[in-house]
Protein chains: 2
Amino acid sequence: MQKLINKPDQVLADALRGVAAAHPELRVDHQHRVIYRARPKASGLVALLSGGGSGHEPLHGGFVGPGMLDAACAGEVFTSPTPDQMVEATTVVDRGAGVLHIVKNYTGDVMNFEMAGEMAAADSGVRVETIVTDDDVAVQDSTWTAGRRGVGITVLLEKIVGAAAEEGRDLDAVLALARRVNENGRSMGMALTSCTVPAAGKPTFDLPEDQMEMGVGIHGEPGRHRVPLTGAAEIAEQLVEPVLADLDFQGGPSIVMLNGMGGSPLIELYLLYGEVATLLEKAGVQVARTLVGNYITSLDMAGASVTVLRADDELVRLWDAPVNTSGLRWGV
Amino acid sequence: MQKLINKPDQVLADALRGVAAAHPELRVDHQHRVIYRARPKASGLVALLSGGGSGHEPLHGGFVGPGMLDAACAGEVFTSPTPDQMVEATTVVDRGAGVLHIVKNYTGDVMNFEMAGEMAAADSGVRVETIVTDDDVAVQDSTWTAGRRGVGITVLLEKIVGAAAEEGRDLDAVLALARRVNENGRSMGMALTSCTVPAAGKPTFDLPEDQMEMGVGIHGEPGRHRVPLTGAAEIAEQLVEPVLADLDFQGGPSIVMLNGMGGSPLIELYLLYGEVATLLEKAGVQVARTLVGNYITSLDMAGASVTVLRADDELVRLWDAPVNTSGLRWGV
């Protein structure tokens with residue numbers, strides 16, 4: 001296992017030390033494994049909390065900051081954080097206007113966030129609402145999911161809803177917006193290689209060099225099918241076609257993310273995006289904004305995913321609003 | 001070869017199409033393979049041009065934009081751009097105040113930029129000055145280098161000198177600043193795996209799973225020595241020690257970059273930075289600013305490098321100045 005780590009069971013704790021050292025604008029609670037903005041947002045604003053298993057960086061800790069999340073709970077690699085982490089974070093970030101939990105649809109995350117929401121409400125009277133993202137068109141159910149998996153739209157949602165929270169919208173409005181973003185987003189991913197979880201010490205799955213996994217999840221869980229490795233143009237087709245088949249993206253602006261799984265270099269992500277852009281143009285999708293890079297990853301997996309959000313002028317305006325995190329930063 | 005590409009000989013052209021599609025704020029000259037700011041800087045300001053082989057993204061194309069480069073010439077993967085690309089770009093970006101060429105110390109780049117500078121001066125009367133970066137402490141000479149290789153400091157230099165150019169400093173002052181940054185920067189890198197050049201189709205070098213290459217270059221050229229794979233704490237020591245041994249970083253602020261080689265996930269880079277930060281603190285180095293992520297990569301190579309710049313208040317101020325590129329963005 002060729003990794004920059006000390007011991008497999010120390011990966012998260014050690015990585016959080018690095019985050020704390022690199023980012024004075026963040027505050028890391030090492031005991032609870034929560035990353036906070038060092039300067040909380042103003043009183044009376046809705047707070048946003050997310051979290052999930054580690055190994056998807058920059059999601060979620062890299063999206064903590066003005067214009068996006070107020071905090072992120074970090075679980076062990078590919079393992080949900082625990083309810084006590086979430087309760088602690090919920091209580092800390094509440095500014096009196098309630099907290100939106102942003103949860104990717106994986107069974108462990110959904111269960112733990114639900115429990116934490118109830119506990120925080122019961123113990124501290126914090127009002128909690130929850131959005132569960134489920135944008136992955138690849139499969140209906142999966143290894144760790146009932147229903148569709150929550151993947152790339154989570155990044156776009158955290159950005160757009162984060163902007164709305166900064167504007168002072170109340171919790172109902174923030175939740176409604178989050179639902180709108182999730183309902184209008186679709187994703188599809190693929191892998192060229194497996195990832196290797198440190199605690200396992202070997203690849204999660206075996207993938208012959210001449211094959212690729214279409215519709216893979218962000219933990220290396222199986223996708224739709226394993227097919228022969230092809231060129232980027234064909235890969236783009238296999239990613240874009242199921243996304244466009246699932247929702248009509250015509251008639252308005254779209255926001256598109258070409259996301260790397262962690263092990264594919266940026267030159268390949270741009271190359272693949274060139275093919276994706278061609279297909280979207282042919283299909284009459286009007287791409288208003290684009291993001292190319294590693295945003296929701298799967299450790300060292302080589303591969304990529306495409307996320308398309310059917311937006312409108314309001315969503316594009318919120319997308320363009322200032323954001324100041326290590327993973328996304330503009331307008332500040 | 002598990003890559004998101006079409007054909008090996010189309011990688012650069014295809015990737016540039018993706019860059020153009022993703023970034024309306026850039027202008028891509030596909031014929032000359034140059035990436036420009038879509039809106040040139042104001043007349044009378046010194047322009048900054050860099051470039052080199054592709055495969056190091058976001059360097060250099062990802063650093064084109066206000067506050068950094070005016071243009072970047074893209075060579076084929078790990079191959080210098082040609083003088084005619086550089087002459088074209090030099091002529092286009094000149095705003096009447098001359099052009100600084102920022103060149104990493106590799107024989108092909110140095111030779112071609114030198115030729116291009118002379119040609120641009122002779123043909124169009126553009127005043128050109130050149131800074132050759134050579135911050136890699138690993139080896140004195142290397143496969144493609146006489147003298148030390150130019151690596152991570154190039155990123156910091158493009159940012160800091162870019163800010164100075166925006167302030168209106170003349171070419172002599174910009175060159176002097178570039179020399180100051182280069183002279184005060186040191187880097188050291190390591191690899192856990194080889195990279196695979198598309199045209200070669202197989203790893204550049206063989207590295208057993210239980211070994212690592214210390215002092216590796218950004219093209220997979222050999223480093224100081226091959227040693228048994230160890231934990232991140234020991235890797236950090238082997239990176240930091242030769243950097244600190246080469247220059248005294250005490251007594252002022254330093255800017256530190258923990259750079260990923262392309263194939264190592266962000267969680268590992270943060271983990272390694274945690275170890276680096278501990279060592280720097282022990283050594284009395286005052287870290288004023290930190291950058292953790294993939295900035296000067298080597299395709300899909302797993303590994304990392306450390307760059308430390310002995311700065312001062314002026315360099316930190318220029319570092320903090322607004323920059324608006326896809327690879328580095330803040331203050332805008």
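**Salt bridges and the interface of chains A and B**

Let me begin with a single residue, R17(B), which counts as partly exposed because its relative accessibility comes to 33%. Please keep in mind throughout that what you see above is a predicted model, and that the values I quote are computed from it.

Which residue does R17(B) pair with across the interface? The partner is E275(A), and the salt bridge between the two brings their closest N and O atoms to 2.9 Å apart. The pair crosses between chains, running from helix α7 of chain A, where E275(A) sits, to helix α1 of chain B, residues 11-22, which holds R17(B). Is E275(A) buried or exposed? E275(A) is buried, because its relative accessible area of 10% falls under the 20% cut-off. We therefore have a partly exposed arginine, R17(B), bridged to a buried glutamate, E275(A).

The reciprocal pair can be described in a similar way. R17(A) forms a salt bridge with E275(B), again with the closest N and O atoms 2.9 Å apart. Since R17(A) lies in helix α1 of chain A and E275(B) in helix α7 of chain B, residues 266-282, this pair too joins two chains. Here R17(A) is partly exposed, at 33% relative accessibility, whereas E275(B), at 11%, is buried.

How many salt bridges does the rule find between chain A and chain B? The count is four, while over all chains it comes to 38.

Turning from salt bridges to polar contacts, we find 26 residue pairs across the interface of chain A and chain B, with both residues at pLDDT 80 or more. On the side of chain A that touches chain B, the elements giving two or more residues are the helices α1 (11-22), α6 (232-246) and α7 (266-282), together with the strands β11 (286-293), β12 (303-310) and β14 (329-330). Of these, α7(A), the helix that holds E275(A), gives the most, with 12 residues. By character, the residues on that side of chain A divide into 32 nonpolar, 19 polar and nine charged.

As for the extent of the interface, 60 residues of chain A are in contact with 60 residues of chain B. The area buried between the two chains is about 4500 Å², and carbon and sulfur atoms give 61% of it. Which residues of chain A lose the most area to chain B? They are Q2(A), L4(A) and I267(A), which together make up 20% of what that side buries.

Now to the relation between the copies. Chain A can be laid on chain B by a turn of 180 degrees with a shift of 0.0 Å along the axis, and the RMSD is then 0.0 Å. This is therefore the relation of a two-fold axis. The same surface serves both copies, in that 100% of the contact residues of chain A recur in chain B.

Finally, a salt bridge within chain A, where the side chains of E167(A) and R169(A) meet at 3.4 Å, N to O. E167(A) counts as partly exposed because its relative accessible area is 42%.

To sum up, the interface contains four salt bridges, among them the pair of R17(A) with E275(B) and the pair of E275(A) with R17(B), and the two chains that they join are related by a two-fold axis.

Key: Residues numbered from 1 in each chain as written. Chains lettered and ligands numbered in written order. Predicted model: local features only at pLDDT ≥ 70, side-chain atom pairs only at ≥ 80, totals over all residues. Heavy atoms only, no water. Contact = heavy atoms within 4.5 Å. Buried area = accessible area lost by both parts, 1.4 Å probe. Polar contact = N/O pair within 3.5 Å; in protein donor to acceptor, adjacent residues only side chain to side chain. Helix = DSSP H or I, 4+ residues; strand = E, 2+ residues; numbered from the N terminus. Nonpolar A, V, L, I, M, F, W, Y, C, P; charged D, E, K, R; others polar. Least-squares fit on C-alpha atoms with pLDDT ≥ 70 in both. Buried < 20%, exposed > 50% of the residue type's maximum accessible area, 1.4 Å probe, protein only.
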